[in-house]
Structures are given as C-alpha cells and as structure tokens.
Amino acid sequence: MTWLIILFVLMLVVSPVMWLRPSPRQRRVADLRSEAMKTGLSIKLEAPPLHDTRTAMPAYRWHYPQERPGPDFVLVRDSESADSLKPYAHGWRWRKEPLRPLPEALEERFRGLLSRLPRDALVIESNHRALTLWWWESQDFSRFATYLEDFTALRDGLAGRPDDPGMSDVSVGRRT
C-alpha cells in the first residue's frame, strides 16, 4: 500500500512537468523561427491586416533598405477576401493594389511564388519599410527555405519603388 501512495505522489509531481514540455509543433516552429532569423528576417506576432482577425499571427518581414523604400500593397488569399476585390493571381486578390505596375520579370516571379506558397499563407503586405508574409507556419525550415530566394528577389525588385514619390528622397528617416 505504501508503494502505491509513493507512486501516486510521484505521478502528481511529474505530470505538471510533462505539461511544460514543448509539443512537437512548438519545437518545429521554434526551429523554423530561429533558422529564419539567421537569414536576416524579422518575425513578430501581430494582428494581421485581415478584417475579422484580431488574433496575433506570425509576420515574417524582409526589410527594405531605409534609402530605398517599397510600395504599399496588400494581397490576400481568396479564402480570406471578398469576391469584390480585384483578382491578381490564382487564389489571390488585391486588398490594396500598388499604384505602379510591377516590372514584367518581377511580376512573373511573384506569381510563381504565390502558386507555391502553402495554404496557410494568407497575406502578403508591402509598405515603405518591409515586405511581409503573414502565415500560420505550417512548414519546417527546409521547406520554407525554398521560398527565401524568391522573397529576397521580390524585396530587392520592389525596393526603391515607393507609391509616394516623396519617399524616394528618404534619407536617415527624414524627408528632404
């Protein structure tokens, strides 16, 4: 009987410790974020630019050089958008379209990237500071790494193409 009581007490002590162990998904996401940040990305949990979503979502950012700001646009997956939004590529619609059209080679690469992204990639946003991918991190880093070259090329191609002409004169955070 004493052994059963000791075993029961040990189980009571060990069970909360087991709850504190990260799940396989939590370990995968931590590895993904760690490896992604090593490539120069910044990752934050923030409310995405979706109308009915207040829940924080991972935002992976490729920053534009400060002296070469990017255009403003928001591209949303069909599943998260209204039919009234202008279609862009299969499964994606403009919530906010850039004022100037993208160069043809860049647009072709962008459409190819969009066709390869996982279903949980819901928004691609650009503003003068960064190009951002909003997604639920369904893949590990080895799969995510297949998108890095395309996102980097997209960021580099969009840099210096701000929608606000005054932004092209940005120097150390000030307009001249």
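**Figure 1. The whole chain, from end to end.** The chain has four helices and nine strands, where helices (H or I, at least four residues) and strands (E, at least two) are DSSP runs, numbered from the N terminus. This is a predicted model, so local features need pLDDT of at least 70 and side-chain atom pairs count only at pLDDT 80 or more, while totals for chains, interfaces and linings use all residues. Residues are numbered from 1 along each chain as its sequence is written, and side-chain values use heavy atoms, with hydrogens and water left out. Starting at the N terminus, you meet the elements in the order α-α-β-β-β-β-β-α-β-β-α-β-β. The C-alpha trace spans about 80 × 40 × 30 Å along its principal axes. The chain's radius of gyration is 21 Å, but a compact globule of 176 residues would have one near 16 Å; this radius is taken over C-alpha atoms, and the globule rule is 2.2 Å times the number of residues to the power 0.38.

**Figure 2. Inside and outside.** Of the 176 residues in the chain, 39% are buried. Here, buried means under 20% relative accessible area, exposed means over 50%, and partly exposed is in between (1.4 Å probe, protein chains only). The chain exposes about 10700 Å², with carbon and sulfur atoms supplying 58% of that; these areas come from the Shrake-Rupley method with a 1.4 Å probe, and for residues only the protein chains shown count as cover. What about contacts, meaning heavy atoms within 4.5 Å? Among those between residues at least 6 apart in sequence, 62% join residues at least 24 apart.

**Figure 3. A nonpolar patch at the start of the chain.** Met1, Leu4, Ile5, Leu7, Phe8, Val9, Met11, Leu12, Val13 and Val14 make a nonpolar surface patch of about 1100 Å². Patches are built from residues with over 30% relative accessible area and no salt bridge: like charges are joined within 9 Å, nonpolar side chains (Val, Leu, Ile, Met, Phe, Trp, Tyr) within 5 Å. Take leucine 7 from this patch: you'll find it in helix H1 (residues 2–20). Leucine 7 is partly exposed, with a relative accessible area of 46%.

**Figure 4. Arginine 33 meets glutamate 137.** Side chains of opposite charge can pair when their charged atoms come close. A salt bridge is a side-chain nitrogen of Lys or Arg within 4 Å of a carboxyl oxygen of Asp or Glu, and a search of the whole structure finds 10 of them. In one, arginine 33 pairs with glutamate 137, with the closest N and O atoms 2.7 Å apart. Arginine 33 sits in helix H2 (residues 24–38) and glutamate 137 in the loop between strand E7 (130–135) and helix H4 (141–158), so the pair ties together parts that are 104 residues apart in sequence. Is glutamate 137 buried or exposed? Glutamate 137 counts as buried, at 2% relative accessibility, while arginine 33 is partly exposed at 24%. Look at the backbone of glutamate 137 too: its phi is near 55 degrees, a positive value in a residue other than glycine.

**Figure 5. Two further salt bridges.** Arginine 93 and aspartate 78 form a salt bridge, their closest N and O atoms being 3.0 Å apart. Arginine 93 is in strand E5 (residues 92–96) and aspartate 78 in the loop between strand E3 (73–77) and strand E4 (86–89), so this pair ties together parts that are 15 residues apart in sequence. Aspartate 150 and arginine 109 meet in a salt bridge as well (2.6 Å, N to O). With aspartate 150 in helix H4 and arginine 109 in helix H3 (residues 104–116), the pair ties together parts that are 41 residues apart in sequence. Aspartate 150 is buried at 14%, whereas arginine 109 is partly exposed at 33%. Arg109 and Asp150 also belong to a network of salt bridges with Arg116 and Glu149.

**Figure 6. The nonpolar cores.** A nonpolar core is a set of buried Ala, Val, Leu, Ile, Met, Phe, Trp, Tyr and Cys residues joined through side-chain atoms within 4.5 Å. The largest has 31 residues, and those with the most contacts inside it are Tyr60, Phe110, Leu117, Ile124, Leu133 and Phe144. H4 gives this core its largest share, six residues. Which residues does phenylalanine 144 touch, leaving aside its neighbours within four places in sequence? Its partners are Leu32, Ala36, Leu41, Tyr60, Trp62, Leu133, Trp135 and Gln139. Apart from the largest core lies another, of eight residues, among them Ala59, Val74, Val76 and Val123.

How values were computed. Contact means heavy atoms within 4.5 Å.
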